[in-house]
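Me: I should like a close look at a single part of this model. Please describe the surroundings of the bound ligand, and then set that part within the rest of the fold.

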Amino acid sequence: MSQETWTAVDAYIEAEVIPSDPVLTDALRDSQAAELPAIQVSPAQGKLLYVLARSINARSILELGTLGGYSAIWLARALPADGKLISLELSPKHAQVAAANIARAGLSDKVEIRVGDAVELLTRLGDAGTPPFDLVFIDADKANLALYFQRVLTLTHPGSLIVTDNVVRHGEVINPVSEDASVQGVRRFFDAAAREEAAGRVSTTTLQTVGSKGYDGFALSVVL
Ligand code: SAH
Ligand code: DHB
Ligand code: MG
């Protein structure tokens with residue numbers, strides 16, 4: 001099995017069940033034109049986020065890491081008319097590109113982008129007593145994953161779903177001496193998830209994935 005096969009199968013899945021969509025292709029085109037890194041979720045993964053959000057009837061969603069708004073569009077499309085998505089983004093440039101993409105998608109009423117360091121913005125969300133989120137997608141920097149997971153837990157309710165991206169890292173996650181700060185961040189995330197599991201606060205599993213984005217994975221956690 002090779003990257004070539006994984007990419008071809010993703011193309012097949014897209015051709016079968018992910019109708020081509022100008023809003024999403026335009027978002028990718030403008031993200032590329034603005035030289036944003038092409039690290040957004042794949043179409044099939046974006047649709048996974050949509051399917052999950054619809055499955056739990058999510059009305060309030062929190063995202064960490066907006067980039068050009070690609071995953072935000074998938075998530076926001078799953079919301080009911082009065083639903084809300086708050087997305088946190090460090091880079092003003094990324095946030096600007098995302099805001100334009102989200103406006104073209106007709107989702108500006110539902111999506112609020114907050115610019116700043118997610119660590120700080122999460123603290124402010126907690127202080128503001130923002131109502132708990134039904135779904136959280138953690139997809140910002142990986143070095144802070146464990147901290148994000150802990151903070152996000154305080155912003156959820158029993159039954160909330162936390163989806164954490166990029167937790168397998170080509171299998172490097174099992175290398176305890178990895179010198180990659182992202183890998184070490186993911187390992188601390190799993191340690192935090194294990195502690196929360198033992199404390200009975202959350203139940204977590206992980207799905208390894210292959211596809212056009214290579215070999216990686218999503219952690220799925222339900223708050224108990
Ligand atoms: N969720 C997006 C991809 C996000 S890429 C999608 O799938 O479409 C990761 C994003 O996290 C980048 O835009 C990066 O600028 C942002 N980021 C990195 N460190 C951050 C931090 N400390 N706080 C908030 N955002 C951060
Ligand atoms: C990277 C970040 C992501 O969120 C992702 O999905 C893939 C790669 C990165 O920082 O390399
Ligand atoms: Mg990611």
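**The site of ligand 2**

Reply: In this predicted model, a backbone N or O atom of Ile 39 lies 3.2 Å from an oxygen atom of ligand 2. Two side chains also approach the ligand through polar atoms. That of Asp 139 has a polar atom 2.7 Å from an oxygen atom of ligand 2, and that of Lys 142 has one 3.2 Å from an oxygen atom of ligand 2. On its own, ligand 2 has 290 Å² of accessible area, of which the protein covers 69%. The residues around ligand 2 are Ile 39, Asp 139 and Lys 142, together with Asp 165, Asn 166, Arg 169 and Lys 213.

Asp 139 leads from the ligand to the interior. Among the residues that Leu 64 touches are Asp 139 itself and its sequence neighbours Ile 138 and Ala 140. Leu 64 also touches Leu 88, Ala 118, Leu 122, Val 136, Phe 137, Tyr 148 and Val 152. In the largest nonpolar core, which has 31 residues, Leu 64 is one of the five that touch the most other members; the others are Leu 62, Leu 122, Ile 138 and Phe 149. Two or more residues of this core come from each of strands E1 (60-64), E2 (84-89), E4 (133-138) and E7 (214-223), and from each of helices H6 (118-127), H7 (145-153) and H8 (181-198). Helix H7 gives the largest share, 6 residues. A second core, separate from this one, has 29 residues, including Ala 53, Ala 76, Ala 98 and Leu 135. In soluble globular proteins, nonpolar side chains tend to be buried together.

Helix H8, one of the contributors to the largest core, can be followed from end to end. At its N-terminal end, Asp 180 acts as a cap, with a side-chain oxygen 2.7 Å from the backbone nitrogen of Ser 182. The 18 residues of H8 should span 26 Å at 1.5 Å a residue, and the end C-alpha atoms are indeed 26 Å apart, so the two values agree. The buried residues of H8 are Ser 182, Val 183, Gly 185, Val 186, Phe 189, Ala 192, Ala 193 and Glu 196. Their cover includes helix H7 and strands E5 (156-165), E6 (202-211) and E7. Just after H8, Gly 200 takes a positive phi of about 75°.

One further acidic residue may be noted. Asp 21 lies in the loop between helices H1 (3-17) and H2 (22-33). Its relative accessible area is 17%, so Asp 21 counts as buried, the cut-off being under 20%. The side chain of Asp 21 makes a polar contact of 2.6 Å with the side chain of Arg 77.

Conventions:
Residues are numbered from 1 along each chain as its sequence is written. Chains are lettered from A and ligands numbered from 1 in the order in which they are written. This is a predicted model: local features need pLDDT of at least 70, side-chain atom pairs count only at pLDDT 80 or more; totals for chains, interfaces and linings use all residues. Side-chain values use heavy atoms; hydrogens and water are left out. A nonpolar core is a set of buried Ala, Val, Leu, Ile, Met, Phe, Trp, Tyr and Cys residues joined through side-chain atoms within 4.5 Å. Buried means under 20% relative accessible area, exposed over 50%, partly exposed in between (1.4 Å probe, protein chains only). Helices (H or I, at least four residues) and strands (E, at least two) are DSSP runs, numbered from the N terminus. Contact means heavy atoms within 4.5 Å. The expected span of a helix is 1.5 Å times one less than its number of residues. A polar contact is a pair of N or O atoms within 3.5 Å; within protein, one must be able to donate a hydrogen and the other to accept it, and residues adjacent in sequence count only if both atoms are side-chain atoms. A residue is near a molecule or strand if one of its heavy atoms lies within 4 Å of it. Accessible areas come from the Shrake-Rupley method with a 1.4 Å probe; for residues, only the protein chains shown count as cover. Lists of a residue's contacts leave out its neighbours within four places in sequence.
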